[in-house]
Amino acid sequence: MFEFLTLDIIENINSAWLPAVLGIASMGMSYKSGKQARRARRREAAARMAMARYNAQISRENAKAAAELIEYETEQRTMTQRDAQVEQQANVAARGFRIGGSDQTSLLEQAAAMQLDQINAMRNRDLTLLAGEKDAERIIKEGELGAEISKAKGKAEYRQGIGQALQTGVQTASAYLD
């Protein structure tokens, strides 16, 4: 495999050249390791952002599902209350009376309570959706922060690799020039 490297060639290599070649190789490896670290941190930042977007979407969907559940329960409660109101009106009519007096007051109070329940349900639904959106925004901000931290670490590792390469280059040059 290394037939061209005969013993004569190896013996003729000047001892000053070997440290220089090794120093240059070390410089290249330091630079490359810094560049690879920066690339890895960029991929990590992209993965953090993708995870944050995914988690934010899950948070929104959970809030939407909770809001839909509130709407469904409100509809069911309204239908039950209306059925009870119709039944009460039928009971009054079965007794042969007209709706008035305490029966009418009772029905009006029930109607007011139903409206209040619907307003509260709408408020709860809106608050649930708003809480889900706020949670999603928080998740996105955390992801952005994590991505920025990863990028900053990558830049620092890249600069460290360049610094090590320069330091090795200076040491090699000073050893070669001496």
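**A walk along two helices**

Let's begin with tyrosine 54, which you will find in helix H2, the stretch covering residues 17-94. Keep in mind as you look around that this is a predicted model. Is tyrosine 54 buried or exposed? Its relative accessibility is 52%, so tyrosine 54 counts as exposed, because the label "exposed" is given to residues over 50%. Tyrosine 54 also has partners at the surface: together with Met51 and Ile58, Tyr54 makes a nonpolar patch of about 310 Å².

Now let's turn from nonpolar side chains to charged ones. How many salt bridges does a search of the whole structure find? The search finds ten, and we can visit a few of them here.

Our first stop is back in helix H2. The side chains of arginine 41 and glutamate 44 form a salt bridge, with 3.3 Å from N to O. Try counting along the helix: these two residues are three positions apart in H2, which means that about one helical turn separates arginine 41 from glutamate 44. Glutamate 44 has a relative accessibility of 28%, so it counts as partly exposed.

Next, move to helix H3, which spans residues 101-177. Here lysine 134 and glutamate 137 meet through their side chains in a salt bridge, at 4.0 Å from N to O. What separates glutamate 137 and lysine 134 along helix H3? The answer is about one helical turn, because the two are three residues apart. Glutamate 137 is partly exposed too, as its relative accessibility is 39%. Salt bridges can also be linked to one another: Arg41, Glu44, Arg48 and Glu157 are joined into one network by salt bridges that share partners. You have already met two members of this network, Arg41 and Glu44, as a bridged pair.

Another salt bridge brings together the side chains of arginine 125 and aspartate 126, with an N to O distance of 3.2 Å. Aspartate 126 has a relative accessible area of 41%, so it is partly exposed. Arginine 125 is partly exposed as well, with a value of 22%; that label applies because 22% falls between the limits of 20% for buried and 50% for exposed.

To finish, let's look at some rings. Which residue lies over the face of tyrosine 158? It is arginine 38, placed at 3.8 Å from the ring centre. As for rings that pair with each other, the count for this model comes to one aromatic pair.

How values were computed:
Residues are numbered from 1 along each chain as its sequence is written. This is a predicted model: local features need pLDDT of at least 70, side-chain atom pairs count only at pLDDT 80 or more; totals for chains, interfaces and linings use all residues. Side-chain values use heavy atoms; hydrogens and water are left out. Patches are made of residues with over 30% relative accessible area and no salt bridge: like charges are joined within 9 Å, nonpolar side chains (Val, Leu, Ile, Met, Phe, Trp, Tyr) within 5 Å. Accessible areas come from the Shrake-Rupley method with a 1.4 Å probe; for residues, only the protein chains shown count as cover. Helices (H or I, at least four residues) and strands (E, at least two) are DSSP runs, numbered from the N terminus. Buried means under 20% relative accessible area, exposed over 50%, partly exposed in between (1.4 Å probe, protein chains only). Rings of Phe, Tyr and Trp (its six-membered ring) pair if their centres lie within 6.5 Å; planes under 30 degrees apart count as stacked, over 60 as edge-to-face and the rest as tilted. A charge sits over a ring if NZ of Lys or CZ of Arg is within 6 Å of the ring centre and within 35 degrees of the ring normal.
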